[in-house]
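The following exercises are to be solved with the sequence and the three-dimensional structure at hand. Each task is followed by a solution in steps.

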Amino acid sequence: MSKKVSATRRNLIEVARMLFARDGKKEVTMNDIAEASKKGRRTLYTYFNNKEEIYKAVIDAELESVLQRLIVVSQENLEPDAKLNKHITTHLDAIKNVVTRNGSLRADFFHDIYEVERTRRKIDIKEIMLIKQILIDGIEKRVFKRMDVNMSSMIIFYAIKGLEVPYIRQNLSEEFEKNKNYIVEFVFQGIKRQKG
């Protein structure tokens, strides 16, 4: 029963996301979501009290998809420096994908930045832990120099997060791709052990 319930909830969230992406949050009503999902209003109100609640669930689901991509990277059998490199680029690409695939919802993500940030806090903490584990692994394997891993993982995370908006707004030109690699190398200059 619970799988069916969660599948229904996931379906409602995805339908709402597509409507918000196409028409913008303001234009979409609870009735629109109920009709598009082919569920009655009663079913919709079983899961969500209002449009703000379903909008928050959409944001949660989108950010959770970013975290899931990063968890996949964390489980790959890579050397710590390659894993951190992949983590950084996956983060930037996943956030860009979430924002660009959501059409009209894009403006709402930036307009409702405080709501998005509130929702992100718990995801951010989990991502910082993923980065911290990569750093610990890198120190143990003597790829990274000794450091305060708590502070360093937060600095790396907030550096990546600070690059999101410029990255989203850039066209994926060859020049920007080179800059993305430069950013990764810049991070590594502070944490990689010098050879010899």
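**Exercise 1. Determine whether Arg-142 is buried or exposed, and describe its backbone.**

Solution. The model is a predicted one. Step 1: the relative accessibility of Arg-142 is 56%. Step 2: a residue counts as exposed over 50%, and therefore Arg-142 is classed as exposed. Step 3: Arg-142 is located in the loop between helix H7 (113-140) and H8. Step 4: phi of Arg-142 is positive, about 65°, although Arg-142 is not a glycine. Most residues other than glycine have a negative phi.

**Exercise 2. State where Lys-38 lies and which sign its phi has.**

Solution. Step 1: Lys-38 belongs to the loop between helix H2 (30-36) and helix H3 (41-47). Step 2: its phi is near 60°, a positive value in a residue other than glycine. Step 3: with a relative accessible area of 74%, Lys-38 is exposed.

**Exercise 3. Describe the overall fold: how many helices and strands are there?**

Solution. Step 1: the protein has nine helices and zero strands. Step 2: along the sequence the pattern is accordingly written α-α-α-α-α-α-α-α-α. Step 3: of the 196 residues, 43% count as buried. Step 4: among contacts with a separation of 6 or more, 72% are between residues 24 or more positions apart. Step 5: the accessible surface is about 11,500 Å², and carbon and sulfur atoms supply 53% of that area.

**Exercise 4. Examine helix H8: what are its span, its bend and its cap?**

Solution. Step 1: H8 covers residues 149-169, which is 21 residues. Step 2: the distance from its first C-alpha to its last is 31 Å, close to the 30 Å expected at 1.5 Å a residue. Step 3: H8 nevertheless bends by about 35° at Leu-163, and Pro-166 follows within four residues. Step 4: the N-terminal end of H8 is capped by Asp-148, which has a side-chain oxygen 3.1 Å from the backbone nitrogen of Asn-150. Step 5: the buried residues of H8 include Val-149, Ser-153, Ile-156, Phe-157, Ile-160, Lys-161 and Glu-164. An α-helix has 3.6 residues a turn, so residues three or four places apart point the same way.

**Exercise 5. Analyse the salt bridge of Arg-120: which residue is its partner, and are the two buried or exposed?**

Solution. Step 1: the partner of Arg-120 is Asp-124, and their closest N and O atoms are 3.4 Å apart. Step 2: both residues lie in helix H7, four residues apart, or about one turn of the helix. Step 3: Arg-120 is buried because its relative accessibility is 5%; Asp-124, also at 5%, is buried as well. Step 4: through salt bridges with shared partners, Arg-120, Asp-124, Lys-161 and Glu-164 form one network.

**Exercise 6. Describe two further salt bridges, those of Lys-56 and of Lys-86.**

Solution. Step 1: the structure contains ten salt bridges. Step 2: one of them joins Lys-56 and Asp-60 at 3.5 Å, N to O. These two residues are four residues apart in helix H4 (residues 51-74). Lys-56 is partly exposed at 32%, and Asp-60 is partly exposed at 24%. Step 3: another joins Lys-86 and Glu-76 at 2.9 Å, N to O. This pair links distant parts of the chain, with Lys-86 in helix H5 and Glu-76 in the loop between H4 and H5, ten residues apart.

Terms used:
Residues numbered from 1 in each chain as written. Predicted model: local features only at pLDDT ≥ 70, side-chain atom pairs only at ≥ 80, totals over all residues. Heavy atoms only, no water. Expected span 1.5 Å × (residues − 1). Bend = angle between axes of the 7 residues up to and from the residue. Buried < 20%, exposed > 50% of the residue type's maximum accessible area, 1.4 Å probe, protein only. Polar contact = N/O pair within 3.5 Å; in protein donor to acceptor, adjacent residues only side chain to side chain. Contact = heavy atoms within 4.5 Å. Areas by Shrake-Rupley, 256 points an atom, 1.4 Å probe, with all protein chains shown as cover. Salt bridge = Lys/Arg side-chain N within 4 Å of Asp/Glu carboxyl O.
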